[in-house]
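Me: Could you take me on a close look at one hairpin in this model, and then show me what else is worth seeing around the chain? A connected walk would suit me better than a list.

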Amino acid sequence: PAVSGGNAHNCGVRLDGNVACWGLEEFGQTEPPAGTFSQVSAGDDHSCGVRTNGSLTCWGSSEFGQATPPAGSFTQLSAGSQHNCAVRAEGTVECWGRNDAGQTTAPPGSFVQVSAGYDHTCGIQTGGSVNCWGSNIDQKASPPAETFSQISAGATHTCGLRTDGQVKCWGYDLEGITPSGSFLEVTSGSYFSCGIKADGQVECWGDDSFGQASPPAGSFKQIDAGTAHVCGVLTSGRISCWGFNGTRQIEPPLCATAQATVTS
């Protein structure tokens, strides 16, 4: 995604391919390396990016090995709380980092997208079916037998965008919630999720303890939820963030990102 929300920091890809990050810098997670990237994903206290040549680079805290990526060529990655997963060019999934709940033991098969949550991971297999692995407490790793085009794993739930544009959530806190209308993208935070509707407006549901489920007005083309905040790219190219601001992660720098026209 153009912008990615972590726990207390965010990162985005600039127009020139360089990465910009902002927020808490306690673990070095907002000090990205030089070079051009095609994607970046922010975790709790680390970040990872896919370079334009397909290789992975991570920075920040490496306490659980989450900042030590495997070698090879990858097309998409997702940074979780203390683990990461990425889709190799041939479609297999590789995960690394903490594995106390089995969240880094990816199943075999061909995948088109993967999303790392707190202690579980979900991926969309070729054909649209969802496969989840890791902790299944509260059933967050038991996906429905439907076809999806995009998914996003939170802390104790997962939400997916079905091929018909409808959103389906499963897991502890959002089980059975089905937001009405057609969506273009869905993203999951810790105990809430948000989606972009067909008209570009953002709708959120779930926990709102820090205002993270009260999105601003405006037309968005991409959003990504952190633990208790959300950042999005407006159709104008500007970045707007909302929710928890204890470490200034919802105050993006001017012209910081993204793979879009960003104005100051």
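**A hairpin and its surroundings**

Reply: Let's begin at the hairpin of β11 and β12, where 4 residues lie between the strands and Gly-127 takes a positive phi near 110 degrees. Please keep in mind that this is a predicted model. The two strands of the hairpin run antiparallel and are joined by 5 bridges. One of the pairs to look for is Gly-123 with its bridge partner Asn-131 in β12. In general, the strands of a sheet pair through backbone hydrogen bonds, in either a parallel or an antiparallel sense.

Stay with β11 for a moment, since Gln-125 lies in this strand, which covers residues 120-125. Gln-125 counts as buried because its relative accessibility is 18%, and the cut-off for buried is under 20%. Leaving aside residues up to four places away in sequence, Gln-125 touches Pro-108, Gly-109, Ser-110, Phe-111, Val-112 and Asn-131. Asn-131 thus turns up twice in this corner: as a contact of Gln-125 and as the bridge partner of Gly-123.

Now follow the chain past β12. The loop between β12 (130-134) and β13 (148-153) holds Gln-139, whose phi is positive, near 65 degrees, although the residue is not a glycine. Most residues other than glycine have a negative phi. Gln-139 is partly exposed, because its relative accessibility is 46%. A second case of this kind is Arg-248, a residue other than glycine with a positive phi of about 65 degrees. Arg-248 sits in the segment after β21 (239-243) and counts as exposed, because its relative accessible area is 55% and the cut-off for exposed is over 50%.

Next, have a look at an open sheet of 3 strands, ordered β16-β17-β18 with antiparallel pairing. Its edge strands, β16 (183-188) and β18 (202-206), each pair on one side only. From one strand to the next, the twist averages 20 degrees. Between β17 (residues 192-197) and β18 there are 5 bridges in the antiparallel sense, and Ser-193 has Trp-205 of β18 as its bridge partner.

These strands also lead us to the inside of the protein. The largest nonpolar core has 12 residues, among them Phe-192, Cys-194, Ile-196, Val-202 and Cys-204. At least two residues of this core come from each of β17, β18, β19 (220-225) and β20 (229-234). Ala-213 is another member of the core; beyond residues up to four places away in sequence, Ala-213 touches Cys-204, Gly-206, Asp-207 and Asp-208. Apart from this core lies another, of 9 residues, including Val-50, Leu-56, Cys-58 and Trp-96.

Let's finish with the empty space. Rolling a probe the size of a water molecule over the atoms shows where such space is left. The largest pocket has a volume of about 650 Å³ and a lining of 40 residues, with Ala-79, Ala-116, Ala-153, Asp-224 and Ala-225 nearest its centre. β1 (3-5), β4 (37-42), β7 (74-79), β10 (111-116), β13, β16 and β19 each give at least two residues to that lining. Some parts we have met return here: Ala-225 belongs to the largest nonpolar core and is also among the lining residues nearest the centre of the largest pocket, while β16 is an edge strand of the open sheet and a contributor to the pocket lining.

Conventions. Residues are numbered from 1 along each chain as its sequence is written. This is a predicted model: local features need pLDDT of at least 70, side-chain atom pairs count only at pLDDT 80 or more; totals for chains, interfaces and linings use all residues. Side-chain values use heavy atoms; hydrogens and water are left out. Two strands pair if DSSP finds at least two bridges between them. Axes are lines fitted to C-alpha atoms, for helices over the stretch in contact, and angles run from 0 to 180 degrees between N-to-C directions. Buried means under 20% relative accessible area, exposed over 50%, partly exposed in between (1.4 Å probe, protein chains only). A nonpolar core is a set of buried Ala, Val, Leu, Ile, Met, Phe, Trp, Tyr and Cys residues joined through side-chain atoms within 4.5 Å. Contact means heavy atoms within 4.5 Å. On a 1 Å grid over the protein atoms alone, a cavity is a set of points where a 1.4 Å probe fits but cannot get out, and a pocket is an open set with protein on both sides within 12 Å along at least five of seven lines; lining residues have an atom within 4 Å of a point. Grid points are joined across faces, edges and corners, and a volume is the space filled by probe spheres set on the points.
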